[in-house]
Structures are given as C-alpha cells and as structure tokens.
Amino acid sequence: MNGNGPPFAVPLVLLLSVALLFLFFPEILSPLRPLPPQSQISPADELDDLALLTRASSGGGASHLSSSSNKLKIAFLFLTNSDLHFAPLWQKFFRNRRSLFSIYVHADPSVNVTPPGGVFDGRFIPSKRTSRASPTLISATRRLLAAALLDDPANAYFALLSQYCVPLHSFDYVYGSLITNPKFDLSDTPESISHGVRLSYRSYIEILEESKSLWKRYTARGRFAMLPEVQFDQFRVGSQFFVLTRRHALTVVRDRRLWRKFRLPCYGELKSACYPEEHYFPTLLSMKDPEGCTRYTLTRVNWTDSVGGHPRTYGPTEVSSELIQELRLSNNSGSYLFARKFSPDSPKPLMKIADKVIFRD
C-alpha cells in the first residue's frame, strides 16, 4: 500500500455525490425522459416568450391604479381553443364603454377560430398551441398579460376569461365594483378605507392551501422536483381564472424562478393530478405578496357535478333569471362578476334575458 487509499475511493465518492444530486434534484433527469406531447414547450417558443416577457417587464410601467381617475381600464383576456361562442353577449356587455376597457384574445392556432368582429376586431394576439392540464396554459396567460401591459398603460385590472365564461352583471357594475366601490370586497378592513375611498387595491385570485390532492399535485413532477424554489408548505391551488392588478400582472411576467419549476412535465400515476395552471399563479402571488390578494375568485364555477375534471356545464334549458341570481351569490364580495361553464348552444336564451336580467343590476 502506498498510503493514498484504495484505488476505488475517489470514484465511489463521485458516484455517491451524483446519486445524491439526482435524488434531491430529479428535474436534472427530465431532459433524459421523453416529454409528454401535451406538456412540451419548444426551445424556440420559450425564447420567443422570453423576449416578449422581457419587453413587458421593462416597458409595462408601474401600477396606475387610482380611485381619482375615471380613465382607468379593465383588460379582458380571453383564453380560447374554440370560437368565442358568447361574443354577441359580450358585444352587448361592452357597448358604449370603449374608453374603459381593452380586449386581448389568445386563440390556439391549431384550431380554426373565427374572429367574431365588433369589439374583438384586431384584438387577437400572436398565439401558440395550448393543451389542458399543461404549462402551455401558463405560457398563454403570460402572453396575454404581457400584451396587455405593453399595449396600454391605462390597463389597471386584468381579467382572465375562457370562451365558456359569461358576464353576470352590466359593464358599469363590473367597472364600479373593481375601481370605485369601497364596499365590494367584503374582506376589506375599516383601516383600508378612508372617506369612502379604497386606499389599496388587491388582486382577486383564489389561493387555497388545503386540498386533499395537494401532496399528489406537488409531487407530480417528482418528489423533490419543486425544491428548493417551492417548499410544500408554500404550494397553493386555486381557480385558473382571476382578476389581477397591474402590479401583480408585472410580477407574473417578470418571474423566471418559479416558471422553471412549473414548466417541468408530470409523470406516472400522478400525471392525472397535474394542473399547473391551477398552481403557478396562486403559488407565485402567495409567495410574493399574500396581503395583496383577496384569496378568492370573481368567476363562479360549480364543481358539485363535475365530470372528468370539468365543472358543471349549464345548457340552454337551464338558463333563467333564477340561475343568474344564484350564480351571483358570493360570501366574499358584493357578487360574482362572471360565471362558467355554459355550453356553446346557450347564447340565444342568454341574449333573451340579457337586458332584463343579466345587465339589470
């Protein structure tokens, strides 16, 4: 023996180090696994998005939300992979309020979506393919936010909607609830209101920290895949549809750290529990600014009769004044402002009750 130890000592240390590295950071192995087609985001798409998000991060401006201005806008962000079935209802909703809203539509380019014209004319942004329960929905939402931030500094609130969403109130009610009504958010404290004016504005995003499936959702990419950026006690779940302040829209487009984790694909038996679009936004904003969020959504959805992970879908025979009144009821705010999910053949009965029920507040 020459005193330098056995010849296999150094290789053994290296092997142990590599094994521990893969044990605690399994996402390193992800390039070695085939990506599920529905979760795949190409490097070209990633670079393209990065350029857009970088422009929005630097050129999006600061928050201009102020109760003293009547020129603030609500940006309505439509995320769709089909025609906008309820465009006639939305046209009526937006009628004669051009200076108070902006519209942006992200339509899956693999689907031949017919532009409905009217207020939607010219409002389709450059889009990429999306698929349910995949990070592509996060990317699409970030593109919408970035486009709205860059397009108009007056955009103060950003409402994400799907093609199956409908308004439950008139535009004036929605605008007043978000911008001027100091009593709309029932979780506001007396200290947050002065002389009838709201002192601070918060995002309406559902943030839940207790769920039966939370651990399965957290470990769907691998038991340690989210570490060290996201600890399990920081992981949140919530509705995909929200209304964000400009401050929080900027937070989303500026994020790179958490996105690197949530873009990882899910594998194995836990793949069915992977809904990144329901986790990324509530987790990010809960970590960055929990006090700046109401922790509830303004879009009503019925999960009691869900089928295949989809919420209850209301058909044309169910549309009534009573249904609209029921969908408005909220324990957290003055009312829900939007509702989903309505079937594509429901526009006619909704239009019949639009003026007398939906837009009569």
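Here are some exercises with worked solutions on the predicted model shown above.

**Exercise 1. Getting an overview**

Task: Find how many helices and strands the chain has, and what share of its residues is buried.

Solution: Start with the secondary structure, which comes to 12 helices and 11 strands. Next, turn to burial: of the 361 residues in the chain, 52% are buried. Finally, look at the contacts with a separation of 6 or more: 80% of them are between residues 24 or more positions apart.

**Exercise 2. Strand E2 and its partner**

Task: Work out which residues of E2 point one way and which the other, and whether they are buried or exposed.

Solution: Step one is to recall the general pattern. In a regular strand the side chains alternate between the two faces of the sheet. Step two is to apply this to E2, residues 101-107. Phe101, Ile103, Val105 and Ala107 point one way, while Ser102, Tyr104 and His106 point the other. Step three is to check burial on each side: all of these residues are buried, so that E2 is mostly covered, with seven of its seven residues buried, each under 20% relative accessible area.

Now for the neighbour. E1, residues 73-80, is joined to E2 by seven bridges, and the two strands run parallel. One pair to look for is Thr80, which stands opposite Ala107 in E2. To get from E1 to E2 the chain passes through helix H3 (residues 87-94), and this β-α-β crossover is right-handed.

**Exercise 3. Two covered helices**

Task: For H9 and H5, list the buried residues, and for H9 say what covers them.

Solution: Take H9 (residues 280-288) to begin with. Seven of its nine residues are buried, so the helix is mostly covered. They are Tyr280, Phe281, Pro282, Thr283, Leu284, Leu285 and Ser286. Their cover includes the helices H4 (136-151), H7 (246-254) and H8 (259-262). Strands E7 (203-206), E8 (243-245) and E9 (293-295) are also part of that cover.

Then move to H5 (residues 171-180), which is mostly covered too, with seven of its 10 residues buried. Here the buried residues are Phe171, Val174, Tyr175, Gly176, Ser177, Leu178 and Ile179.

**Exercise 4. A small sheet and the loop beside it**

Task: Give the strand order of the open sheet of three strands, then describe the surroundings of Leu168.

Solution: The order is E4-E11-E10, with mixed pairing. E4 (166-167) and E10 are the edge strands, each pairing on one side only. Between E4 and E11 (residues 338-339) there are two bridges, and these strands run antiparallel. Within that pairing, Pro167 stands opposite Phe338 in E11.

Follow the chain to Leu168, in the loop between E4 and H5. Its relative accessible area is 0%, so Leu168 is buried. Leaving aside residues up to four places away in sequence, Leu168 touches Ile324, Leu327, Arg328, Tyr336, Leu337, Phe338, Ala339 and Ile358. As for distance, Leu168 and Ser335 are 167 residues apart in sequence and 8.8 Å apart in space, C-alpha to C-alpha.

**Exercise 5. Unusual backbone spots**

Task: Locate Asn96, Arg295 and Pro228, and say what to look for in the backbone there.

Solution: Begin with the general expectation. Most residues other than glycine have a negative phi, and most peptide bonds are trans. Asn96 has a positive phi of about 65° although it is not a glycine. Asn96 sits in the loop between H3 and E2 and is exposed, with a relative accessible area of 67%.

Arg295 also has a positive phi, near 75°, but this residue lies in strand E9. Arg295 is partly exposed, with a relative accessible area of 29%.

The peptide bond from Leu227 to Pro228 is cis, with omega near 0°. Look for Pro228 in the loop between helix H6 (214-218) and E8.

**Exercise 6. The largest pocket**

Task: Describe the volume and the lining of the largest pocket.

Solution: The volume is about 820 Å³. The lining has 37 residues, and those nearest the centre of the pocket are Gln240, Phe241, Glu278, Trp303 and Arg340. By class, the lining divides into 12 nonpolar, 16 polar and nine charged residues. E1 and E10 (299-300) each supply at least two residues of this lining.

Key:
Residues are numbered from 1 along each chain as its sequence is written. This is a predicted model: local features need pLDDT of at least 70, side-chain atom pairs count only at pLDDT 80 or more; totals for chains, interfaces and linings use all residues. Side-chain values use heavy atoms; hydrogens and water are left out. Buried means under 20% relative accessible area, exposed over 50%, partly exposed in between (1.4 Å probe, protein chains only). Helices (H or I, at least four residues) and strands (E, at least two) are DSSP runs, numbered from the N terminus. Two strands pair if DSSP finds at least two bridges between them. A crossover is right-handed if, with the strands pointing away from the viewer, the path from the first strand over the helix to the second runs clockwise. Contact means heavy atoms within 4.5 Å. On a 1 Å grid over the protein atoms alone, a cavity is a set of points where a 1.4 Å probe fits but cannot get out, and a pocket is an open set with protein on both sides within 12 Å along at least five of seven lines; lining residues have an atom within 4 Å of a point. Grid points are joined across faces, edges and corners, and a volume is the space filled by probe spheres set on the points. Ala, Val, Leu, Ile, Met, Phe, Trp, Tyr, Cys and Pro count as nonpolar, Asp, Glu, Lys and Arg as charged, and the others, Gly among them, as polar.
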